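User: Please take a close look at one helix and its surroundings. I want the packing, the contacts and the cut-offs behind each term.

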Amino acid sequence: MREKTTRLFVAAAIAEACSWLALLVGMAVKYGPPGNEIGVQVFGPVHGVLFVAYGLLVLAVARLHRWSLGVTFVALVCAVPPFATLLFERWAARRGLLRSTAPQRPLTPVG
């Protein structure tokens, strides 16, 4: 359960950043010379769903991995600036905040 939730969190962080890119491109098209709103109409709701999914997964992973309130707060705030979820996910992985604390194999007695 922990590994699956962690993998979903990583996928949501990447997807949320990609949806930011798509939304930024859609906004450039909307307010740029073409003046077409289809990009914002399509990627706005997609980004909204991924934003909420990322936030919920932050809360789930924070509970499973016993993150401090500070780390959890930073993870949630990283959903707001473009591409910050990628930076947070990489930082958390380097710090070992996404590693499982359970033993990988059953312990056997020695002797």
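Analyst: What follows starts with helix H4 and works outward to its neighbours.

This is a predicted model, in which local features need pLDDT of at least 70 and side-chain atom pairs count only at pLDDT 80 or more, while totals for chains, interfaces and linings use all residues. Residues are numbered from 1 along each chain as its sequence is written, and side-chain values use heavy atoms, with hydrogens and water left out.

Helix H4 covers residues 84–95, twelve residues in total. Helices here are DSSP runs of H or I with at least four residues, numbered from the N terminus. From its first C-alpha to its last, H4 reaches 16 Å. That is close to the 16 Å expected at 1.5 Å a residue. The expected span is 1.5 Å times one less than the number of residues.

Which residues of H4 are buried? They are Ala84, Thr85, Phe88, Glu89 and Ala92. Buried means under 20% relative accessible area, exposed means over 50%, and partly exposed is in between, with a 1.4 Å probe and protein chains only. The buried residues of H4 cover an arc of only 135 degrees around the axis, which puts them on the same side of the helix. The arc is taken from the directions from the helix axis to the C-beta atoms. An α-helix has 3.6 residues a turn, so residues three or four places apart point the same way. The face turned away from the buried side carries the exposed residues Leu87 and Arg94.

What covers the buried residues of H4? The cover includes helix H1 (2–31), helix H2 (38–65) and helix H3 (69–77). Contact means heavy atoms within 4.5 Å.

Glutamate 89 deserves its own note. Glutamate 89 is buried, at 4% relative accessibility. It forms a salt bridge with arginine 90, the closest N and O atoms being 3.3 Å apart. A salt bridge is a side-chain nitrogen of Lys or Arg within 4 Å of a carboxyl oxygen of Asp or Glu. Arginine 90 is partly exposed, at 47% relative accessibility. The structure holds one salt bridge.

Next, the nonpolar core. The largest one has 17 residues. A nonpolar core is a set of buried Ala, Val, Leu, Ile, Met, Phe, Trp, Tyr and Cys residues joined through side-chain atoms within 4.5 Å. Those with the most contacts inside the largest core are Phe9, Tyr54, Val58, Trp67, Ala75, Phe88 and Leu98. H1, H2, H3 and H4 each supply at least two residues of this core. H2 gives the most, with five residues.

Phenylalanine 9 touches two buried residues of H4, Phe88 and Glu89. Its other contacts are Tyr54, Leu57, Val58, Val61, Trp67 and Leu98. Residues up to four places away in sequence are not counted.

Now the neighbouring helices. H1 has 30 residues, which should span 44 Å at 1.5 Å a residue. Its end C-alpha atoms are 43 Å apart, which agrees. The buried residues of H1 include Phe9, Glu16, Trp20 and Gly26. H2 and H4 are among what covers the buried residues of H1.

In H3, Val71, Thr72 and Ala75 are buried. They fall within an arc of 100 degrees seen down the axis, so they line one face of the helix. Leu69 and Phe73 are exposed on the other side of H3. The cover over the buried residues of H3 includes H2 and H4.

The backbone on either side of H4 is worth checking. Phenylalanine 83 is in the loop between H3 and H4. Its phi is positive, about 70 degrees, although it is not a glycine. Phenylalanine 83 is partly exposed, with a relative accessible area of 33%. Glycine 96 follows H4, and its phi is positive too, near 80 degrees.

Finally, the cysteines. The structure holds zero disulfides. A disulfide is a pair of cysteine sulfur atoms within 2.5 Å. Why is cysteine 18 not in a bond? The closest cysteine sulfur, in cysteine 78, is 16 Å from the sulfur of cysteine 18, too far for a bond. Cysteine 18 is partly exposed, at 48% relative accessibility. Cysteine 78 is buried, with a relative accessible area of 15%.
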